[in-house]
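Could you walk me through this structure, one piece at a time? I'd like to see how some of its helices and strands sit against each other.

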Amino acid sequence: MAGMGREGRRRRRPGGLVGRLLEKRRRADSGTEVTQSARKPSRPFLARGVGGVFIRERGEMRALTAAAAATAVTAPTPARLFLVSARRAAPRFGYCRASSASRLLRSSCYASTTMEDETSTSASAQVQESAVQGAGSVKQQVSNLVALSLRATVPEVDVEPTVEVCTTKFGDYQCNNAMGLWSKVKGSGTSFKNPNAIGQAIAKNLPACDVIESTSVAGPGFVNIVLSNSWVAKRIQDMLVNGIKTWAPILPVKRLVVDFSSPNIAKEMHVGHLRSTIIGDTLARMFEFSNVDVLRRNHVGDWGTQFGMLIEFLFEKFPEWEELGSQAIGDLQLFYKASKEKFDNDAEFKDRAQQAVVRLQGGEEKYRSAWKKICEISRNEFDQVYKLLDVQLEEKGESFYNPYIPQVLEGLSNQGFIKESEGARVIFIEGHKIPLIVVKRDGGFNYASTDLAALWYRLNVEKAEWIIYVTDVGQQQHFDMFFKAARMAGWLPDPNEKKFPKTSHVGFGLVLGADGKRFRTRSTEVVRLGDLLDEAKARSKSELKQRLTDNGKIVDWTDEELEETSKAVGYGAVKYADLKNNRLTNYTFSFDQMLSDKGNTAVYLQYAHARICSIIRKSNMDIEELKMNGKISLGHPDERVLGLYLIRFAEVVEDACTHLLPNVLCEYLYNLSEMFTRFYTNCQVVGSPEEPSRLLLCEATAVVMRQCFHLLGITPVYKL
């Protein structure tokens, strides 16, 4: 059981501005209009970085265990982020990192920063910081402004800003704090008469800056905020000059582990591994884009009872296996099935196989060599699939953590958590009827013991602040018990405290066939992932050639272009069809639907991107020169809608990271393509007086779409 791998079972307080400045601001604003603005938030301090050490030998492990025990078992909690300008406000996520090239003097929203108890109180320093671009996501920048206003409006109340995207035509963002504040201050001698009066005060106290064009207050104090067209345009233009990386969110985590894919050695990857692999890869890409140090871990099942069966079968069938090498095993899938059949039907062979496990785990060279050869063959097959999917992983399988298990369990036992029960050693978990078994009756280790050792290693050696496990939802109970055991031991804080380090199980549903059952071949075999990807490419190539033949453009394409485009479209279609769904739900696998060029599919989005590239090419303008010397204008309503949606990219990525939901990014990408279509339909680009500005909007849309494709692991195409 211990060798089945993941597939066999699961996995601030921002402060106020200096009092005298706030008082001066309020006096200056007495009786003025509600149109407001502010200066730019400086780049916040980040949680400290952490280093990692990788140990592989037992001796090193023992030394590390002693050292780590002396420093406690929890990973360091990242330093809190504070904004002086709003002592009770900033949400956890929500800044954008500015590249060094983009740190130019410019006017925008401002909030000074503090690390722990260090607070900037110098007005001149604030002015200096406000000149440095440390752009946050738009929602965060608006929240910072609202936080300043809340501090000035109700300085005696501890409240965080509640800012959401506005769903009405009266604003772009909406502050919804007034009603909650009214419930706190009414009856306390306040001068406010109702929630609307609080909303009016919040709007009035918003600092002056170039971000906000106007505000209005509706109903019980909802403050509608309209962004300045010139600020939106400038934000887009800055991105085009300095790169999309300047729109990367800054998250309050410096290093995390994404544990995904995790197939079993000696078994071929099948369609069941598709979801874990591409969901995990997309999560890793989004965090990496957000400048988080991501440790991509492949927790393969490379240890356990099945290896005794495989090794003994190898010795029996091919006594000279060392000379034959990989040829002795041949097709690993057939080899596994044959050995399993003999194991199930031959008692003598089964006994020898069980003894082989003991010899393997005892370090006997002959058995270790055979084990390494079997693992090597499997890895080569896995790597072929990962190469097709463009997925990068570092393998640290069950065998890697095996040497750590005894010391980890000894520590838990010394804490009094491990008990004897019916011959096994277990941890009783509150809220669960069955205990978490960590040592089986025969003295062997299992999933829980391996996972506990792996978590200990990730917290103490790799210094991860967030460990994310991507497996099917059927393994939710295992992870719930496993995480609770770690919290009992003091490795993890209470999840209600919302502190680091923390763990998350990213569960996902099944891939179904047209019959609504688990997706299989006609012979009821699971579908090999490599075969599935090959078919996707073949179908994509066939449809592309037919389309190009019908429109007479086939002569313009080389064989290499056809091959590469077919791969990009075919593999991308498979990935997007999965990622666009909420990962918790099952979805039906259909080549016809995923390769359709209509609706919310990767093929449709590839065509949308290729069309934008075609528009830019047909203009015959130098887009790079235009980026430096052109200017974006958002005079037409559809220009503004497109521009506003473009600048929301950062907050979409942070939302997808916060909730570990790739479909949030897919939804944004599809909506962006729809908004561009409406813009292009209603706003002539090539040959119009506004051509330079609109070409820049085209380019910005293409840049954001390409970044979305990259985060989803999809290769964009530039012509179709």
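Let's begin with two helices in this predicted model: α14, covering residues 365-389, and α19, covering residues 529-550. Their axes lie 10 Å apart, and the helices pack at an angle of about 30°. Angles under 35 degrees count as roughly parallel, so that makes α14 roughly parallel to α19. As for handedness, α14 and α19 cross in the left-handed sense.

Which residues do the touching here? On the α14 side you'll find Val 385, Leu 388 and Leu 389, and they meet Leu 529, Gly 530, Leu 533 and Asp 534 of α19. Sort the residues in this contact by class and you get five nonpolar, one polar and one charged.

Now let's turn to a sheet. This one is open and has five strands, in the order β14-β13-β12-β18-β19, with parallel pairing. At the edges sit β14 (394-395) and β19 (502-508), and each of them pairs on one side only. Further in, take a look at β12 (residues 255-259) and β13 (residues 293-298): five bridges join them, again in the parallel sense. If you want one bridge to pick out on screen, Arg 255 has Asp 293 in β13 as its partner. The sheet also has a helix packed on it, namely α17 (residues 447-460), which touches β12, β13, β18 (466-472) and β19. Compare directions, and α17 makes about 145° with β18.

Next stop: helix α25, residues 649-659. Is it mostly covered or mostly open? It's mostly covered, with eight of its eleven residues buried. The buried ones are Phe 649, Ala 650, Glu 651, Val 652, Val 653, Glu 654, Ala 656 and Cys 657. Right after α25 comes Leu 660, and its phi is positive, near 55°.

Let's finish with a single residue, Ala 233, which you'll find in helix α7 (residues 229-242). Its relative accessibility is 6%, and buried means under 20%, so Ala 233 counts as buried. What does Ala 233 touch, leaving aside its neighbours within four places in sequence? Ile 632 and Leu 634 are in contact with it. There's also Leu 644 to look for: along the chain, Ala 233 and Leu 644 are 411 residues apart, yet their C-alpha atoms are separated by 8.7 Å.

Methods. Residues numbered from 1 in each chain as written. Predicted model: local features only at pLDDT ≥ 70, side-chain atom pairs only at ≥ 80, totals over all residues. Heavy atoms only, no water. Axes fitted to C-alpha atoms, helices over the stretch in contact; angles between N-to-C directions. Helix = DSSP H or I, 4+ residues; strand = E, 2+ residues; numbered from the N terminus. Parallel < 35°, antiparallel > 145°, perpendicular 65-115°, else oblique. Left-handed = near helix turned anticlockwise from the far one by under 90°. Contact = heavy atoms within 4.5 Å. Nonpolar A, V, L, I, M, F, W, Y, C, P; charged D, E, K, R; others polar. Pairing = 2+ DSSP bridges. Buried < 20%, exposed > 50% of the residue type's maximum accessible area, 1.4 Å probe, protein only.
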